[in-house]
Amino acid sequence: METPEEMQSPAPRRRPAGAQAAKKAGAVRRPRTGKPTKGKKKKKRKLRSPAMRLLRALMLILSIASAVATIFTAYSGHISPLKHGGFWGIFPLCFPICLLCSVILIVLQVWWHWRGVIIAALGLVASAAPALQICPLHLGTPKAPEGSDTFTLLTYNVLNLNDRRDSTDVAPNHTIDYIIDQDADIVCLQEAANVTVSRHLFVTAEQIRTLHERYPYIITSSGAQTIMSKFPVQPIHLTLTKEEFDDAELAAYRISFPGGKSATLFNVHLQSFSLTKTDRELYRNLTDLQRESIQDVRTHLIHKLSVANVERARQAQVLMRLIRHYGGPDVIICGDFNDVATCYAIRTIEDAGFRSVYASLGFGPIATYNENRFYFGIDHILYRGSIVPLTIDKGTVRCSDHYPLKATLAID
């Protein structure tokens with residue numbers, strides 16, 4: 001029986017089993033209003049319009065395509081035109097354009113599409129080494145090693161001394177005047193068969209006399225390769241067949257410097273594209289975004305570029321064979337390569353331990369050809385051994401269809 005106390009006290013309230021389990025699990029109790037007392041409110045997902053989603057998808061596709069194209073064109077110079085065809089040698093010419101497109105895509109997307117930015121940036125990072133060859137970012141000037149001999153070298157394709165400027169009807173010849181004004185210690189000229197007095201070219205006797213007084217060593221070899229030097233020069237006889245260097249020229253010299261040191265210098269003019277006036281007009285129309293026949297493009301441009309790539313690849317191998325035989329440890333190669341810094345010919349030479357002077361010292365892109373919208377850096381100076389580059393400058397004179405390159409070098 002119940003006691004009087006038990007009969008008077010109310011029965012204890014039982015909690016539902018679910019509530020007790022929730023309490024043990026640490027769940028947050030909600031008031032009767034149904035609103036949570038703790039925790040963050042869920043953010044509503046912002047819905048994008050179909051047009052914005054389409055634009056983002058398009059930019060993502062463009063970023064992927066740009067990254068793939070940039071990487072491929074950056075390293076396409078490793079593909080041998082001799083083994084796989086000269087068509088592959090065209091792609092290094094496209095590398096600057098792909099590089100620029102990747103940068104533009106990054107700028108366009110940087111504030112609103114991070115996925116596209118990351119993909120385009122990855123393409124730039126993967127192609128950084130070739131990019132710094134055509135667009136180096138060096139600041140400052142290195143110092144010459146103590147006890148080294150310092151000299152200046154000028155390389156220039158002079159177009160047989162034809163002045164392309166408007167004022168070509170007066171003497172003296174502007175190209176010769178430029179060479180005299182530069183006063184380089186060594187001058188390597190391409191397409192310079194006759195550096196002599198000429199009424200047709202407005203080359204005066206006074207100019208030629210000045211050249212001979214300043215440069216006691218003047219040698220023209222291999223048809224139109226000319227060297228003028230203040231230092232003693234000994235030409236190296238090279239036996240080349242027409243198949244090895246057809247429509248190209250190569251000359252080699254041994255230079256003796258005042259300190260008793262010497263170096264081998266190769267003056268090169270590799271295979272040109274051999275484009276006719278019609279071919280150049282076709283190229284200009286393409287750069288003006290005009291419609292042209294695919295057959296004309298294939299016949300007049302792609303075929304000729306491919307053939308020239310194969311020839312330059314063969315000439316680069318011949319050049320390396322001659323360097324192994326005559327070069328020695330200290331070698332300089334300069335001249336008109338008719339191709340860009342990331343091409344197969346340059347990479348073949350760099351595999352033998354050579355480095356580009358411009359890639360070692362320059363800042364920004366460089367174009368050494370100035371006509372028909374072929375704005376490419378196709379003139380180069382390469383070195384190896386105890387040669388140390390100090391400065392390099394591109395001339396602005398437009399007497400020829402090429403710009404000159406002048407470098408200060410030291411031999412340690």
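## Helix packing and buried polar residues in a predicted model

In this predicted model, Leu99, Ser102, Val103, Ile106 and Gln109 of helix H5 meet Trp114, Gly116, Val117, Ala120, Ala121 and Leu124 of helix H6. The residues of this contact comprise 8 nonpolar and 3 polar ones, with no charged residue.

Two packed helices are described by the angle between their axes and the distance between the axes. H5 and H6, the latter formed by residues 114–126, have axes 9 Å apart and pack at an angle of about 155°. H5 is therefore roughly antiparallel to H6. The crossing of H5 past H6 is left-handed.

H5, which spans residues 91–109, also packs against helix H3, residues 50–75; their axes come within 8 Å and cross at roughly 150°. This crossing of H3 and H5 is left-handed. On the H3 side the contact includes Met59, Leu62, Ser63 and Phe72, and on the H5 side Phe91, Pro92, Cys94 and Leu105 are among the residues involved. By type, the residues of the contact of H3 with H5 divide into 14 nonpolar and 6 polar, and none is charged.

### The protein as a whole

The protein contains 13 helices and 12 strands. Its length is 412 residues, of which 45% count as buried. Of the contacts with a separation of 6 or more, 74% are between residues 24 or more positions apart.

### Helix H8 and its surroundings

Which residues of helix H8 are buried? In this helix, residues 174–182, they are His174, Thr175, Ile176, Tyr178, Ile179 and Ile180. These buried residues pack against strand S1, strand S2 (186–190), helix H9 (205–214) and strand S4 (225–229).

Both ends of H8 show a local feature. At the start of the helix, a side-chain oxygen of asparagine 173 reaches to within 2.9 Å of the backbone nitrogen of threonine 175. Just after the helix, aspartate 183 takes a positive phi of about 55°.

The loop between S1 and H8 holds leucine 161. Leucine 161 has a positive phi of about 65°, although it is not a glycine. Is leucine 161 buried or exposed? Its relative accessible area is 4%, and because the cut-off for a buried residue is under 20%, leucine 161 is buried.

### Two buried asparagines

Strand S1, residues 149–157, includes asparagine 157. The relative accessible area of asparagine 157 is 0%, so this residue is buried. With which side chains does the side chain of asparagine 157 make polar contacts? One partner is the side chain of glutamate 191, at 3.3 Å. Another is the side chain of aspartate 336, at 2.9 Å. Leaving aside neighbours within four places in sequence, asparagine 157 is in contact with Gln190, Glu191, His269, Asp336, Ser400 and His402.

Asparagine 338 lies in the loop between strand S8 (331–336) and helix H12 (344–350). Asparagine 338 counts as buried, since its relative accessibility is 7%. A polar atom of its side chain lies 2.9 Å from the backbone oxygen of leucine 270. Apart from residues up to four places away in sequence, asparagine 338 touches His269, Leu270, Gln271, Ser272, Phe273, Arg312 and Ile378. His269 thus appears among the contacts of asparagine 157 and among those of asparagine 338. The phi of asparagine 338 is near 55°, a positive value in a residue other than glycine.

The polar pairs described above are collected here.

| Residue and atom or group | Partner | Distance |
|---|---|---|
| Asparagine 157, side chain | Glutamate 191, side chain | 3.3 Å |
| Asparagine 157, side chain | Aspartate 336, side chain | 2.9 Å |
| Asparagine 338, polar side-chain atom | Leucine 270, backbone oxygen | 2.9 Å |
| Asparagine 173, side-chain oxygen | Threonine 175, backbone nitrogen | within 2.9 Å |

### Glutamate 244

Glutamate 244 is placed in the loop between strand S5 (233–236) and strand S6 (249–256). How far apart are glutamate 244 and alanine 316 in sequence and in space? The two are separated by 72 residues in sequence, yet by 9.7 Å in space, taken from C-alpha to C-alpha. Not counting residues up to four places away in sequence, glutamate 244 touches Thr239, Gln315, Val318 and Arg321.

How values were computed:
Residues are numbered from 1 along each chain as its sequence is written. This is a predicted model: local features need pLDDT of at least 70, side-chain atom pairs count only at pLDDT 80 or more; totals for chains, interfaces and linings use all residues. Side-chain values use heavy atoms; hydrogens and water are left out. Axes are lines fitted to C-alpha atoms, for helices over the stretch in contact, and angles run from 0 to 180 degrees between N-to-C directions. Helices (H or I, at least four residues) and strands (E, at least two) are DSSP runs, numbered from the N terminus. A crossing is left-handed if the near helix is turned anticlockwise from the far one by less than a right angle, and right-handed if clockwise. Contact means heavy atoms within 4.5 Å. Ala, Val, Leu, Ile, Met, Phe, Trp, Tyr, Cys and Pro count as nonpolar, Asp, Glu, Lys and Arg as charged, and the others, Gly among them, as polar. Angles under 35 degrees count as roughly parallel, over 145 as roughly antiparallel, 65 to 115 as roughly perpendicular and the rest as oblique. Buried means under 20% relative accessible area, exposed over 50%, partly exposed in between (1.4 Å probe, protein chains only). A polar contact is a pair of N or O atoms within 3.5 Å; within protein, one must be able to donate a hydrogen and the other to accept it, and residues adjacent in sequence count only if both atoms are side-chain atoms.
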